[in-house]
Amino acid sequence: KEKLEYLKELGVNTIWLAGVTQGSEFFSGFWTVYAMVTPEYPDEELGSVEELKELVNEAHKLGIRVIAEAVTHGVIFE
């Protein structure tokens, strides 16, 4: 969030968030977000849901769009 002003100055108008959910090693034996455990929440190491909302809101205030990658397969229910 602290870098948003800098990104705006660089001319960035869109941020693509890829791999923000908690992944696992379920399918392939190596960690990947494409074998996600919690598709509805960001990985705790990246921050909370509230922090993600704050990031998006601050980006929008600066005219920066935020795209979150939607993974529609590979959800692991543990």
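Among contacts in the protein between residues at least 6 apart in sequence, what share joins residues at least 24 apart? The figure comes to 56%, and this is for a predicted model. The close-ups below go through the fold, the core, a pocket and a couple of single residues.

**View 1. The whole chain, as a pattern of helices and strands.**
Two helices and four strands are what you get here, and going along the sequence they come in the order α-β-β-β-α-β. Of the 78 residues in the protein, 27% are buried. The accessible surface adds up to about 5,800 Å², and carbon and sulfur atoms own 55% of that area.

**View 2. The largest nonpolar core.**
Six residues make up this one: Leu-4, Ile-15, Leu-17, Leu-55, Ala-59 and Ile-64. Strand β1 (14–17) and helix α2 (49–61) each put in at least two of them. Zoom in on Leu-55 and skip its neighbours within four places in sequence: what is left in contact with Leu-55 is Lys-1 and Leu-4.

**View 3. The second largest pocket.**
If you want a volume for this pocket, it is about 190 Å³. The lining is made of Lys-1, Leu-17, Val-20, Pro-42, Leu-46, Gly-47, Ser-48, Glu-51, Leu-52 and Leu-55. Sorted by character, that gives six nonpolar, two polar and two charged residues. Helix α2 hands over the largest share of the lining, with three residues. Leu-17 and Leu-55 turn up in this lining, and they also belong to the largest nonpolar core.

**View 4. Met-36, in a loop.**
Look for Met-36 in the loop that runs between β2 (21–22) and β3 (38–42). Is Met-36 buried or exposed? Its relative accessible area is 3%, so Met-36 is buried, the cut-off for that being under 20%. Another residue to pick out in this view is Gly-19: the C-alpha atoms of Met-36 and Gly-19 are 9.2 Å apart in space, with their positions 17 residues apart in sequence.

**View 5. Trp-16, on strand β1.**
Trp-16 sits in strand β1. With a relative accessible area of 59%, Trp-16 counts as exposed, because the cut-off for exposed is over 50%. Which residues is Trp-16 in contact with, leaving aside its neighbours within four places in sequence? Those are Ile-67 and Glu-69. For Trp-16 and Ile-67, the C-alpha to C-alpha distance is 4.7 Å, although they are 51 residues apart in sequence.

Terms used
Residues are numbered from 1 along each chain as its sequence is written. This is a predicted model: local features need pLDDT of at least 70, side-chain atom pairs count only at pLDDT 80 or more; totals for chains, interfaces and linings use all residues. Side-chain values use heavy atoms; hydrogens and water are left out. A nonpolar core is a set of buried Ala, Val, Leu, Ile, Met, Phe, Trp, Tyr and Cys residues joined through side-chain atoms within 4.5 Å. Buried means under 20% relative accessible area, exposed over 50%, partly exposed in between (1.4 Å probe, protein chains only). Contact means heavy atoms within 4.5 Å. On a 1 Å grid over the protein atoms alone, a cavity is a set of points where a 1.4 Å probe fits but cannot get out, and a pocket is an open set with protein on both sides within 12 Å along at least five of seven lines; lining residues have an atom within 4 Å of a point. Grid points are joined across faces, edges and corners, and a volume is the space filled by probe spheres set on the points. Ala, Val, Leu, Ile, Met, Phe, Trp, Tyr, Cys and Pro count as nonpolar, Asp, Glu, Lys and Arg as charged, and the others, Gly among them, as polar. Accessible areas come from the Shrake-Rupley method with a 1.4 Å probe; for residues, only the protein chains shown count as cover.
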